[in-house]
Amino acid sequence: MNILYDERVDGILPDVDLALLLHTLQARLPGLEVLHQREELKPYECDGLSAYRTTPLLVVLPRHLDEVQGVLQICHELRVPVVPRGAGTGLSGGALPLEKGVLLVMARFNNILHIDAAARTARVQPGVRNLAISQAAAPFGLYYAPDPSSQIACSIGGNVAENAGGVHCLKYGLTVHNLLKVEVLTVEGEHLTLGSDALDSPGFDLLALFTGSEGMLGVITEVTVKLLPKPQTAKVLLAAFDCVEKAGRAVGDIIAAGIIPGGLEMMDNLAIRAAEDFIHAGYPVDAEAILLCELDGVEADVHDDCNRVRQVLEQAGATEVRQAKDEAERVRFWAGRKNAFPAVGRLSPDYYCMDGTIPRRELPGVLQAIAALSAEYNLRVANVFHAGDGNMHPLILFDANQPGELDRAEALGGKILELCVKVGGSITGEHGVGREKINQMCAQFNSDELTLFHAVKAAFDPGGLLNPGKNIPTLHRCAEFGAMHVHMGRLPFPELERF
Amino acid sequence: MHKESDLDDSDRLLEQVRQALQYATPLRIQGANSKMFLGRPVAGEVLDTRSHRGIVSYDPTELVITARCGTPLSELAQALDQAQQMLPCEPPSFADATVGGMIASGLSGPRRPWSGSVRDYVLGTRVITGHGKHLRFGGEVMKNVAGYDLSRLMAGSYGVLGVVTEVSLKVLPKPRQCLSISLELDPERALLRLAEWGQQPLPISAACHDGQRLHIRLEGGDGSVAAAHERLGGELLDSSYWTDLNEHQLSFFDETQPLWRLSLPNNTPCLALPGTQLIDWGGAQRWLKSDADEAFIRNVMAEVGGHATCYRHGLVDSPFQPLPDVLMRYHRNLKQQLDPRGIFNPGRLYAEC
């Protein structure tokens, strides 16, 4: 079922008088940059999920907070939907525009406002890039821990909106664990401070609620993050295995030995060969799976843990265990993993990246099932996996120019996500729901749970004008989607009418 | 792991909530009632969660434990101990606290600035809602960004948004080495040193100044703990100090004057407030015993960007720091949406919700 906004199942959007909107914006916010010509709008028609595109009604590029507030107030008065956007690197279509909506681009708010070394915090504007925070903190020996693969380009406002992860989550947590405070503007343009410079704040934990809410509850205008002292040292071990199951078991063994690695990543043979071809990281191309295990901290502890992990890996049946001999080799080992997506991209004209999570013990069974689905749909699947925290990124290879292949890739992806839910996992670990996984939300949550999500939304945006259609599907969409997925003769949401 | 006392009593809890919904009867959600001194008094029928108890699942290699709300924290700690694991946020037990109360209050112990709070370890919850449904949010996986994060929202909400019946928590291996020391330092210099040490990769996992001495806990591998001990020096301290601090068993907490909890930016200098103070969380949490006026304390807190909670029951009308009007309006909206009949712990957090 198509994921582009469909008013029949996603809800009727108010009709917008474009001329009036444009006139009002220009009259009340004369300094505001507004794009409205067809060719100006083109670059904004998608985010990182580029298979889906919609031309926005207008793009606004504010430079001052009072302009953001003004845009929100005007859109609220005129009942115009607003889609917030950061750097546009999101992989789930969370910033996919609406034909009847304004795209609010926050990228120009790119100042680091204050680094407080003694308090170990950084106060930044939402358009600051993730990596830029660590770079600014580096002179103080500090850094910002969450490191999504897109960290060179993605902005912190988007990281908060998506609760972004990365390869170091098991030890250092997600975005939500590394925030102190965010400033937001509500749909009506009211200012709220969530969290504080202290470690907690009175009232409900709205900071946690807003983190990962995908721009549905408010627009983030400032972020205060926690900084950590840089680990003294980091070492990487690379272990090769002749079967995926053994590699999966080794992950559990490392944790059972009482060790929490800074990063613990797994790749299967197709991903290994693609990465090696592309980066020449020195990966063993005949291995069925490799594990990359990074241990970081104080020198003496890391040394001891490397020895422990080596022993665990050998006992788990690794055919080879190598420790990066110097910093250059450590960086090379990681480069292979961090470039796994573009590397796989070289094998195929297009690929579709999934983001399901599973309890780690389910890994062997899930990988077998993915292999079977891959054969059934006749599409290759490469697997890279944040093994430490159970977050899988199967990459489905396809060619969008071949009729039907995108549909098949999507159908296969949907099956993989439903499989994740079935074994007790989630349809998305870090990329978000956006529009991409809007249908699979119907598999993860029942109608009562979705209804409660809509109630949360109504507490902050009763008119449904902020990023409509993202994150939480309507019950009608689920009914429509369910009609195509009748489970064991039982139609989900039987009480709802079908379209 | 399963015990005779284990019981899935969620049907009874759900039934009592549905009854209460029908007649709009306010409910006072109660586990062991170990934190009755916190928050505003609630007039309502008691919803006793203690019968719904037991560890539902625990697989140490998955680093996840799932327990029912009535499970005593001591039982949770025992199961984790056996696998050499722990709940790093160190929720205080106050004698016999339950898992449900731990989530509702969100209180965390001395390790909090370095490890994160109770909410940081919440992965998923089951909740009885104000619509009379028993629903599941989040799950048992480390990473999960599907839908709004209602599980973490429940932590610290004092039961006013729903009844948490079950929770899945991330757990971690215990550190290999643990050593506590105490140093002769006045509070001003202690805060300066803590700010300096905080920027270095030292294995500090607790830091408290009792007015006389700075107490530090070091946790990590053998090498890092030994090196830090050598560098910082000081006298050895028994590790039971941290339990006594967490459980309010230190003599400081012997009640004479009203007790206030101050939460503030960690690098706030020593505060000139009447009464006596104890600095915890490396500076970010301070305990104040004082007869000072509520408004005075709150003003000082507002100036430094912190907030104050009154720990003496009934002393002030709003023990939690009052919220700005706009923020309070959204609190009311959320309460209204999630508990439209207003039956869950009405008024426990604020009179308005």
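Trainee: Happy to start small: which helix of chain B holds I103(B)?

Mentor: Helices here are DSSP runs of H or I with at least four residues, strands are E runs of at least two, and both are numbered from the N terminus. This is a predicted model, where local features need pLDDT of at least 70, side-chain atom pairs count only at pLDDT 80 or more, and totals for chains, interfaces and linings use all residues. Residues are numbered from 1 along each chain as its sequence is written, and chains are lettered from A and ligands numbered from 1 in the order in which they are written. The helix that holds I103(B) spans residues 99–105 and is α3.

Trainee: Is I103(B) buried or exposed, and why?

Mentor: A residue is buried if 20 or more other C-beta atoms, placed from the backbone, lie within 10 Å of its own, exposed if 12 or fewer, and partly exposed in between. I103(B) has 27 C-beta neighbours inside 10 Å, so I103(B) counts as buried.

Trainee: Which residues is I103(B) in contact with, leaving aside its neighbours within four places in sequence?

Mentor: Contact means that the C-beta atoms of two residues, placed from the backbone, lie within 7 Å. On that basis, the partners of I103(B) are V118(B), V122(B), M154(B), A155(B), V164(B) and V167(B).

Trainee: How far apart in space are I103(B) and C69(B)?

Mentor: In sequence, I103(B) and C69(B) are 34 residues apart. From C-alpha to C-alpha, the separation is 8.7 Å.

Trainee: Let's widen the view: what distance separates the centres of the two domains of chain B?

Mentor: Domain bounds come from an automatic or database domain assignment, which gives domain 1 (10–173) and domain 2 (177–310). Across their boundary, 10 residues of domain 1 are in contact with 13 residues of domain 2. Taken over C-alpha atoms, the centres are separated by 27 Å.

Trainee: Now for the two chains: which helix gives the largest share of the side of chain A that touches chain B?

Mentor: In total, 79 residues of chain A are in contact with 69 residues of chain B. Several helices of chain A each supply at least two residues of that side, among them α9 (244–256) and α11 (299–315). The largest share, 9 residues, comes from α17(A).

Trainee: And what ipTM does the predictor give the complex?

Mentor: For chain B, the mean pLDDT, the predictor's confidence in each residue from 0 to 100, is 97, and 100% of its residues reach 70 or more. For the complex, the pTM is 0.96 and the ipTM is 0.98.
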